[in-house]
Amino acid sequence: MTTAKARMIAFPREPQDHPRATRQNDDPYIVTRTPPEPTVCPTCKAVFTEGRWTWGRPPAEAAQMNCPACQRIHDDFPAGYVVVKGEFFKDHRDEIIALMKSKEDLEKASHPLQRIMAIEEVREGLQVKTTHSNLARGIGEALHDAYKGDLKLRYSRDENLLRATWKR
C-alpha cells in the first residue's frame, strides 16, 4: 500500500453535507486564521504558541487576543451542557459538584479551552455550561463512572454543541 493511500484511509475526507463538517464551518469560535505567535489572552493569561493554547508565561512582546474559551464565556455561548437530575443528586449535591469541578481542573490543566462557564440551579436539578463539548462529555462520563445511573449524550446536527443528561 502506498503512503498516499494509507493517508487517505486514515484521514477520509468528509462530504460537505456531513453534520460534523457543517458544525465546524459554522462555529464562530473555531478560529480560521491562527493568531500571531505568541499571543496571550488578556482575560485568563493562556498563551497561543506552537499552534495551540497552553498555560505558560507569555513573552513581553506577545500580542493580545481573547482565547476562544474566554470569548465563549463573554458571549455566554456554551459548547456543552450537562444536566444533572434525580433523587441521588439531591442527596449528594456537594459531592457531585466537587466531582465536576475536579474533572474541569484535570482537563483545564492541559487544555486551557476546556472550562466550566457556569453551574446553575434548574427546575429538575443542576445545569452546567462548558466552553468545550469534550468537557461536557467528560463530566457526564465521570458522573456515570462514579455513580452509574443513566447518561444520555445528544450532539446537535446544526452546531458544535453537546447536551449531556445524567440522572440517578
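Let me begin at one pairing in the sheet: in β4, the bridge partner of Thr39 is Ala63, and here strands are DSSP runs of E with at least two residues, helices are runs of H or I with at least four residues, and both are numbered from the N terminus. Before I go on, I should say that this is a predicted model, in which local features need pLDDT of at least 70 and side-chain atom pairs count only at pLDDT 80 or more, while totals for chains, interfaces and linings use all residues. Residues are numbered from 1 along each chain as its sequence is written, and side-chain values use heavy atoms, with hydrogens and water left out.

Back to that pairing. Strand β1, residues 39-40, runs parallel to β4 and is joined to it by two bridges, where two strands are said to pair if DSSP finds at least two bridges between them. These strands belong to an open sheet of four strands, in the order β3-β2-β1-β4, with mixed pairing. Because β3 and β4 (63-64) stand at the edges with a single partner strand each, one side of each is left without a neighbour in the sheet.

Now the chain as a whole. The chain holds six helices and nine strands, and buried residues make up 38% of its 168 residues; buried means under 20% relative accessible area, exposed means over 50%, and partly exposed lies in between, with a 1.4 Å probe and protein chains only. The accessible surface comes to about 10600 Å², of which 50% belongs to carbon and sulfur atoms, the areas being from the Shrake-Rupley method with a 1.4 Å probe and, for residues, with only the protein chains shown counting as cover. Of the contacts with a separation of 6 or more, 54% are between residues 24 or more positions apart, a contact being heavy atoms within 4.5 Å.

Next, strand β5 and its partners. How many of the six residues of β5 are buried? Five of them are, and the strand is thus described as mostly covered. β5 is joined to β7 by six bridges, the two running antiparallel, and Val84 stands opposite Leu126 in β7. With strand β9, residues 162-167, β5 pairs in the parallel sense, again over six bridges, and Tyr81 has Arg163 in β9 as its bridge partner.

Two residues let us look at the packing around this region. Thr130 lies in strand β7, residues 125-130, and counts as buried because its relative accessibility is 0%. Leaving aside residues up to four places away in sequence, Thr130 touches nine residues that include Pro78, Ala79, Arg115, Met117 and Ile139. Ala79, for its part, lies in the loop between α3 and β5 (80-85), and is buried at 2% relative accessibility. With the same exclusion of residues up to four places away, Ala79 touches, among others, Arg72, Thr130, His132, Asn160 and Leu162. The C-alpha atoms of Ala79 and Arg163 are separated by 8.8 Å, although the two residues are 84 apart along the chain.

On the other side of that loop is helix α3, residues 68-75, whose buried residues are Pro68, Ala69, Cys70 and Arg72. These buried residues pack against β3 (52-54) and β6. The helix is followed by Asp76, which has a positive phi, near 50°.

Finally, the charged pairs. Where a side-chain nitrogen of Lys or Arg lies within 4 Å of a carboxyl oxygen of Asp or Glu, we call it a salt bridge, and by this rule the count comes to eight. In one of them, the side chains of Arg93 and Glu121 meet at 2.2 Å, N to O. Arg93 lies in helix α5 (residues 93-110) and Glu121 in strand β6 (residues 116-122), so this pair ties together parts that are 28 residues apart in sequence. Arg93 is partly exposed, at a relative accessible area of 31%.

A second salt bridge joins the side chains of Arg137 and Glu141, at 2.8 Å, N to O. Both residues lie in helix α6 (residues 133-147), four residues apart, which is about one turn of the helix. Arg137 is partly exposed at 30%, and Glu141 is partly exposed at 31%.

A third is formed by the side chains of Asp150 and Lys152, at 3.0 Å, N to O. Here Asp150 is partly exposed, at 37% relative accessibility, whereas Lys152 is exposed, at 52%. Apart from these pairs, Asp76, Glu120 and Lys129 are joined into one network by salt bridges that share partners.
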